[in-house]
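I opened this entry to keep track of what I looked up, in the order I looked it up. The structure comes first, then the notes.

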Amino acid sequence: MLRTPLGRFRLVGTLEGVSFLLLLFVAMPLKYFADIPGPVTVIGGIHGFLFTLYLGAVAYMIFAAGWRLPRVLGAVAAAILPFGPFVFERSLRRT
């Protein structure tokens, strides 16, 4: 998986997507429904790092794989939607 630029991108996308789902469906409910804010701080920091890494991976794919603007915009849009990175990665497998 890590031998190709696309494989590295897919790994980063998967990690970013998982961290986003953990933030939305575990940490945020703990903060707002159970008054436990700690997980948001931890998972939020991890997610922020992975989101930045994901955007860097998108930029890398512009040069490594020749991604054009529509695909780049799709990747960025996917990063801000729940389950988006998984849907985007699936669309990459089809092409």
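**Entry 1: around S19.** I started with a single serine in a model that is predicted. Setting aside neighbours within four places in sequence, I found S19 in contact with I43, H47 and L50. One of these partners is also a polar one: the side chains of S19 and H47 make a polar contact at 2.9 Å. I placed S19 in helix α1. Is S19 buried or exposed? Its relative accessibility is 5%, so I noted S19 as buried, the cut-off for buried being under 20%.

**Entry 2: the fold as a whole.** I then stepped back to the secondary structure. I counted four helices and zero strands, and along the sequence the pattern reads α-α-α-α. For the boundaries, I wrote down α1 as residues 5–33, α2 as 38–64 and α3 as 69–79, with α4 at residues 84–94. The C-alpha trace spans about 45 × 20 × 20 Å along its principal axes.

I looked up burial and contacts for the whole protein next. Of the 95 residues, 31% are buried. What share of the contacts between residues at least 6 apart in sequence join residues at least 24 apart? I noted 61%.

**Entry 3: aromatic pairs.** I listed the ring pairs and found five in the structure. The one I took up to begin with is F9 with W67, an edge-to-face pair at 5.0 Å centre to centre and 80° between the planes. F9 sits in helix α1 and W67 in the loop between α2 and α3, so this pair ties together parts that are 58 residues apart in sequence. I checked burial for both partners: F9 is buried, and W67 is buried too.

F9 has another ring partner, F88. This pair is also edge-to-face, with 6.2 Å centre to centre and 80° between the planes. I noted that it links distant parts of the chain, with F9 in helix α1 and F88 in helix α4, 79 residues apart. For the accessibilities I wrote 4% for F9, which therefore counts as buried. F88 comes to 10% and so counts as buried as well.

Which residues do the ring pairs link into a cluster? My list reads F9, Y54, W67 and F88.

**Entry 4: salt bridges.** I moved on to the charged side chains and found two salt bridges in the structure. In one of them the side chains of R10 and E89 meet, at 2.7 Å from N to O. R10 lies in helix α1 and E89 in helix α4, and the pair links parts of the chain 79 residues apart.

E89 also forms a salt bridge with R93, where the closest N and O atoms are 3.1 Å apart. Here both residues lie in helix α4, four residues apart, which is about one turn of the helix. Salt bridges that share partners join R10, E89 and R93 into one network.

How do the members of this network stand in accessibility? I looked each one up.

- E89 is at 12% relative accessibility and so counts as buried.
- R10 is at 25% and so counts as partly exposed.
- R93 is at 55% and so counts as exposed, the cut-off for exposed being over 50%.

**Entry 5: the surface.** Last, I looked at the outside. The accessible surface of the protein comes to about 6,000 Å², and 72% of it belongs to carbon and sulfur atoms. Which residues form a nonpolar patch there? I noted V18, L22, F25, V26, F83 and V87, with about 540 Å² of accessible area together. Helix α1 gives the most to the patch, with four residues.

I checked one member of the patch by itself. V26 lies in helix α1, and its relative accessible area is 37%, so V26 is partly exposed.

**Entry 6: cross-check on helix α1.** Going back over my notes, I gathered what I had for this helix. Helix α1 holds F9, with its ring partner F88 in helix α4. It also holds R10, whose salt-bridge partner E89 is in helix α4. S19 is in helix α1 too, with I43, H47 and L50 among its contacts. On the surface side, helix α1 gives four residues to the nonpolar patch. I closed the notebook there.

Technical notes
Residues are numbered from 1 along each chain as its sequence is written. This is a predicted model: local features need pLDDT of at least 70, side-chain atom pairs count only at pLDDT 80 or more; totals for chains, interfaces and linings use all residues. Side-chain values use heavy atoms; hydrogens and water are left out. Rings of Phe, Tyr and Trp (its six-membered ring) pair if their centres lie within 6.5 Å; planes under 30 degrees apart count as stacked, over 60 as edge-to-face and the rest as tilted. Helices (H or I, at least four residues) and strands (E, at least two) are DSSP runs, numbered from the N terminus. Buried means under 20% relative accessible area, exposed over 50%, partly exposed in between (1.4 Å probe, protein chains only). A salt bridge is a side-chain nitrogen of Lys or Arg within 4 Å of a carboxyl oxygen of Asp or Glu. Contact means heavy atoms within 4.5 Å. Accessible areas come from the Shrake-Rupley method with a 1.4 Å probe; for residues, only the protein chains shown count as cover. Patches are made of residues with over 30% relative accessible area and no salt bridge: like charges are joined within 9 Å, nonpolar side chains (Val, Leu, Ile, Met, Phe, Trp, Tyr) within 5 Å. A polar contact is a pair of N or O atoms within 3.5 Å; within protein, one must be able to donate a hydrogen and the other to accept it, and residues adjacent in sequence count only if both atoms are side-chain atoms.
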